[in-house]
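Visitor: I am new to this structure and should like to be guided through it. May I put some questions as we look?

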Amino acid sequence: MDHKMSRSPWVIHYDGSSCNGCDIEVLASLTPLFDAERFGVVNTGNPKHADIFLVTGSVNAQNLPVVRQIYNQMLEPKCVVACGVCACSGGVFRDAYNVIGGVDRAIPVDVYAPGCAIRPETVIDAIVEACGILDQKETVMRAGGDPLTVGGAATWDGGVELGEDGFVAAAGAGDTAAGKSATPAAAKEAE
């Protein structure tokens, strides 16, 4: 039997922290006007049923564990799509004190779909590209290999980790050279 993951991909959508412009466009791609369901795409709220993880918005210290938890609950093979420039790189929020960066700072990303706000056509193109990656990952799994060697996981650097205080250590800030994480209080004391 020739089974393909891409015949009926289920997606789960999560808004990291954004202006919600990309969220509206992701949902617009599922409406009858753009009709992503013609490709068999189904939007689900359960990570255990999802094949593709659509993430909009940048990642911050508060939603980093949530993004990782959703990703870890998804079964292999799985694919991650960064929707919008904020999810790809942090966008206009990348210099904000609480923003860690794009989704690839939290989990491996397979498909980048930039735009501000992302267009529904781009979302559909990204889902179709993710379907191809899902098929590659499934083929690797059937051969006994590790699906993390395909797509974004193959080149992922491991992302960032939070310190005990809930902040990410910033390079070159005050106490970070001594191995302590940079907090707003530590940065204020360094001034």
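Visitor: Which residues of β3 are buried on one side, and which on the other?
Guide: The model before us is predicted. In a regular strand the side chains alternate between the two faces of the sheet. In β3, 5 of its 5 residues are buried, and both faces of the strand are covered. On one side the buried residues are Ile52, Leu54 and Thr56, and on the other they are Phe53 and Val55.

Visitor: What is the order of the strands in the open sheet that holds β3?
Guide: Strands of a sheet pair through backbone hydrogen bonds, either parallel or antiparallel. Here 5 bridges join β3 to β1, and 5 bridges join β3 to β5. The sheet has 5 strands with parallel pairing, and their order is β2-β1-β3-β5-β7.

Visitor: Which strands are the edge strands of this sheet?
Guide: The order of the open sheet is β2-β1-β3-β5-β7. An edge strand pairs on one side only. The edge strands are β2 (42–43) and β7.

Visitor: Which residue of β3 stands opposite His13?
Guide: The strands β1 and β3 run parallel and are joined by 5 bridges. Along this pairing, Val11 stands opposite Ile52. The residue opposite His13 is Leu54.

Visitor: Which residue of β5 stands opposite Thr56?
Guide: Thr56 is among the buried residues of β3. The strand β3 runs parallel to β5. Opposite Thr56 stands Cys83.

Visitor: Beyond the sheet, what pattern does the protein chain follow along the sequence?
Guide: The protein chain holds 5 helices and 7 strands. Of its 191 residues, 43% are buried. Read along the sequence, the pattern is β-α-β-β-β-α-β-α-β-β-α-α.

Visitor: Of the contacts with a separation of 6 or more, what percentage comes from residues 24 or more positions apart?
Guide: The pairing of strands gives examples of residues brought together from separate parts of the sequence, including Thr56 opposite Cys83. For the protein chain as a whole, the share of such contacts from residues 24 or more positions apart is 75%.

Visitor: How many residues has α4, and what does α4 reach from its first C-alpha to its last?
Guide: The helix α4 covers residues 120–142. The span expected at 1.5 Å a residue is 33 Å, and the helix comes close to that value. It has 23 residues and reaches 33 Å.

Visitor: Against which elements do the buried residues of α4 pack?
Guide: An α-helix has 3.6 residues a turn, so residues three or four places apart point the same way. The buried residues of α4 include Val123, Ile127, Ala130 and Leu134. Their partners in packing are β1 (10–15), α1 (21–28), β3 (52–56), β5 (79–83) and β7.

Visitor: Which residue meets Lys137 in a salt bridge?
Guide: Lys137 counts as buried because its relative accessibility is 2%, under the 20% limit. Its partner is also buried, with a relative accessible area of 12%. The nitrogen and oxygen lie 3.3 Å apart. Lys137 lies in α4 and the partner in the loop between β6 (99–101) and β7 (111–113), so the pair ties together parts that are 27 residues apart in sequence; the partner is Asp110.

Visitor: Is Arg119, which meets Glu121 in a salt bridge, buried or exposed?
Guide: The side chains of Glu121 and Arg119 meet at 3.4 Å, N to O. Glu121 is partly exposed, with a relative accessible area of 33%. Arg119 has 51% relative accessibility, and a value over 50% is needed for the label, so Arg119 is exposed.

Visitor: Over the face of which residue does Lys78 lie?
Guide: Lys78 is buried, at 6% relative accessibility. Its side chain meets that of Glu76 in a salt bridge of 3.9 Å, N to O, and Glu76 is partly exposed at 31%. Lys78 also lies 3.9 Å from the centre of a ring, that of Tyr71.

Visitor: Which residues does Gly90 touch, apart from those up to four places away in sequence?
Guide: Gly90 lies in the loop between α3 (85–89) and β6. At 0% relative accessibility, Gly90 counts as buried. The residues touched are Ser58, Val85, Gly101 and Gly102.

How values were computed. Residues are numbered from 1 along each chain as its sequence is written. This is a predicted model: local features need pLDDT of at least 70, side-chain atom pairs count only at pLDDT 80 or more; totals for chains, interfaces and linings use all residues. Side-chain values use heavy atoms; hydrogens and water are left out. A charge sits over a ring if NZ of Lys or CZ of Arg is within 6 Å of the ring centre and within 35 degrees of the ring normal. A salt bridge is a side-chain nitrogen of Lys or Arg within 4 Å of a carboxyl oxygen of Asp or Glu. Buried means under 20% relative accessible area, exposed over 50%, partly exposed in between (1.4 Å probe, protein chains only). Helices (H or I, at least four residues) and strands (E, at least two) are DSSP runs, numbered from the N terminus. The expected span of a helix is 1.5 Å times one less than its number of residues. Contact means heavy atoms within 4.5 Å. Two strands pair if DSSP finds at least two bridges between them.
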